[in-house]
Structure formats: C-alpha cells, structure tokens
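This report looks at how one strand sits among its neighbours, and then at some aromatic rings. Please keep the sequence and the 3D view open while reading.

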Amino acid sequence: MKNFFVFNEGFSKSKTASYILSLQLSNGGYSYTIVDPTSGKYSALNHHNFDKKLSDKSLVEKVESMLKEDLFLNKNYRNVFFSVTESKSTLVPKELFDRKQIKKYFTFNQPLDEYEELHFNFIKKADAYNIFAIPSDITTLMINKFPEIIFVHHNNVFVNDIITRAENLKFKLPYIQINVSTDSFDIGIYKDDKFQMINTYHYDNENDFIYYVLNTVNQYDIKLNKAYINFSGFLEKDTEFYYFIHQYLPKINFLKLTTGLVFNFKDVEEHLFYNLLNLHNEDY
C-alpha cells in the first residue's frame with residue numbers, strides 16, 4: 001500500500017486539542033486517524049510505510065524520530081489511543097482473571113521478552129480480558145509524548161466485531177472474519193451461538209495465506225458455501241493477491257464501518273483501516 005495523507009474540509013491544525021487521535025504501529029510502518037467528535041467525522045487519515053521491515057531496536061528508534069518529525073504527532077489531543085499490530089496477546093475469561101497473575105496467564109503459551117511489558121483491556125462482548133505485550137521503550141516514548149495515552153490491542157475491535165455481527169445475523173450460519181496485515185492475518189470464528197476461536201498466522205505468500213485459512217475452517221467443520229465471511233485490513237481489490245484467494249474464497253465481502261462517523265475520503269476504502277478506525281470506539 002502506498003503512503004498517503006488525506007483530510008476533510010474543516011480540519012484545523014489549531015483545534016487538535018478537541019480531536020481524538022488513534023495511532024497504529026507495526027514494524028513495517030504506521031497509520032493514524034484523527035476524529036473530530038464535534039462534527040462527527042473522520043477528519044484525517046495517514047498511512048506511512050517504512051523503507052524496510054524493522055527489528056525491535058530499529059523500531060524504537062523509528063518511533064522516536066516519527067514523534068519528532070511528524071507534524072500531527074506533535075500536537076495535543078483530547079484522547080490518544082495507541083496499538084501495536086502483531087503484538088502477542090492472550091484472552092482470559094473474566095471469571096478467571098486476576099490482575100496479579102497476568103504474567104502467568106501470558107507466558108502459559110508464549111514468551112515474554114525482557115524488553116516487553118504487559119498491558120490488558122477488557123473486551124465486553126467476549127466477557128474476557130485481553131493481555132498483550134508492548135516493548136517498554138516504545139511505551140515510555142508514547143507516555144512522554146501523550147501522558148494520558150490509552151494502550152490497546154488491535155484484536156479488541158476484531159473480537160467485539162465478530163461477536164456483534166454474528167449475533168445480528170438473520171440466518172444463524174457460521175461467521176468468519178479475517179483481518180489482513182502486511183505479513184500476518186487474524187482469523188476469528190463464531191459458530192453454534194458462541195465465539196469459538198481467534199488466531200494469528202504469519203504468511204510469506206498467498207499460498208501460505210490460503211492454506212492457513214482453509215485449514216482453520218476445516219478444523220471447525222465449516223463449509224464455505226454455508227458461512228458468512230468478512231474481510232478487513234490490507235486486502236486491496238484488483239490485485240494479484242486478491243484474485244488468487246478469490247479462487248478459493250468466492251464470497252469476499254469487505255466490512256463497512258458502523259461507528260456512526262462520516263467517512264468520506266476519496267479513493268480510500270474503509271475496510272483497509274477498519275481496526276484503526278474503530279480503536280477509539282471501544283470502552284477501555
């Protein structure tokens with residue numbers, strides 16, 4: 001995806017203290033959206049690719065420079081939400097959750113590196129806590145820049161959305177939702193009136209991608225012609241990747257925003273930044 005920055009008429013650099021900033025970071029780039037709650041619209045949307053995929057140390061240095069050099073990240077905002085895509089996480093049911101035990105929960109199925117620190121959010125629809133890790137150097141930089149910042153995990157929106165949409169289906173068929181990033185994707189399944197699973201897979205090419213999708217669907221005994229499938233994230237229409245997976249998934253539907261805010265950026269499809277555009281819309 002190309003770099004771009006778009007904004008709507010009425011957007012004012014001098015009024016950012018009344019705006020909401022949502023910022024999403026990966027080792028391949030960063031994106032942010034600015035919401036004007038008074039006018040009820042997305043006022044600006046920015047996407048910036050790094051020259052190459054960065055290591056953890058290089059990513060910290062890049063965050064430091066972007067906070068200094070990006071004009072709109074040098075402003076004050078009413079609220080700031082920050083997410084690191086592809087960061088490790090684990091869901092813990094509310095009835096089992098103990099704040100003092102978050103490290104134990106997290107490290108049960110994945111390592112916690114020395115340079116990482118743990119955060120958690122409550123996901124209402126799942127009635128569960130999402131525990132996730134962010135490099136501590138990055139959290140320090142972000143807190144110094146935005147003292148009241150709220151750290152969130154990118155899957156919070158994803159899980160809430162799956163459950164909400166599945167519960168509202170007219171016909172109770174299995175519901176599958178897939179969110180695509182540059183070299184990974186999240187897949188979630190709702191079936192038999194309950195949220196069944198969420199997982200993240202890393203892929204190198206389209207063959208990897210479709211293998212993981214079809215294998216996951218088969219594990220849950222779902223027939224694709226008898227299921228709802230929605231996509232969000234970096235899956236662009238009229239690309240080789242799109243046409244390849246379309247051979248295996250003939251019903252490719254893209255998510256539409258339900259935030260109630262006006263999204264009218266020309267040539268930018270709302271599904272591409274669906275999670276980012278919803279970050280501020282959750283209760284944390």
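In this predicted model, strand β11 covers residues 184-191, and eight of its eight residues are buried, so the strand is largely enclosed by the rest of the structure. Burial applies to both faces of β11. On one side are Ser184, Asp186, Gly188 and Tyr190, and on the other are Phe185, Ile187, Ile189 and Lys191.

Which strands pair with β11? One partner is β10, residues 175-180, which runs antiparallel to β11 and is joined to it by six bridges. In this pairing Ile189 of β11 has Ile176 opposite it. A hairpin of three residues leads from β10 to β11.

Another partner is β12, residues 194-202, which is also antiparallel to β11, with eight bridges between them. Here Ser184 faces His202 of β12. The hairpin between β11 and β12 has two residues in between, and Asp192 in this turn has a positive phi of about 55 degrees.

Phe185 of β11 also belongs to a cluster linked by ring pairs, together with Tyr201, Tyr203, Phe209, Tyr211, Tyr212 and Phe241.

The count of aromatic pairs comes to 28. One of them is Tyr242 with Tyr243, an edge-to-face pair with 5.4 Å centre to centre and 80 degrees between the planes. The table gives the accessibility of these two residues.

| Residue | Relative accessible area | Class |
|---|---|---|
| Tyr242 | 13% | buried |
| Tyr243 | 47% | partly exposed |

Tyr242 counts as buried because its 13% is under the 20% cut-off.

Note on methods. Residues are numbered from 1 along each chain as its sequence is written. This is a predicted model: local features need pLDDT of at least 70, side-chain atom pairs count only at pLDDT 80 or more; totals for chains, interfaces and linings use all residues. Side-chain values use heavy atoms; hydrogens and water are left out. Buried means under 20% relative accessible area, exposed over 50%, partly exposed in between (1.4 Å probe, protein chains only). Helices (H or I, at least four residues) and strands (E, at least two) are DSSP runs, numbered from the N terminus. Two strands pair if DSSP finds at least two bridges between them. Rings of Phe, Tyr and Trp (its six-membered ring) pair if their centres lie within 6.5 Å; planes under 30 degrees apart count as stacked, over 60 as edge-to-face and the rest as tilted.
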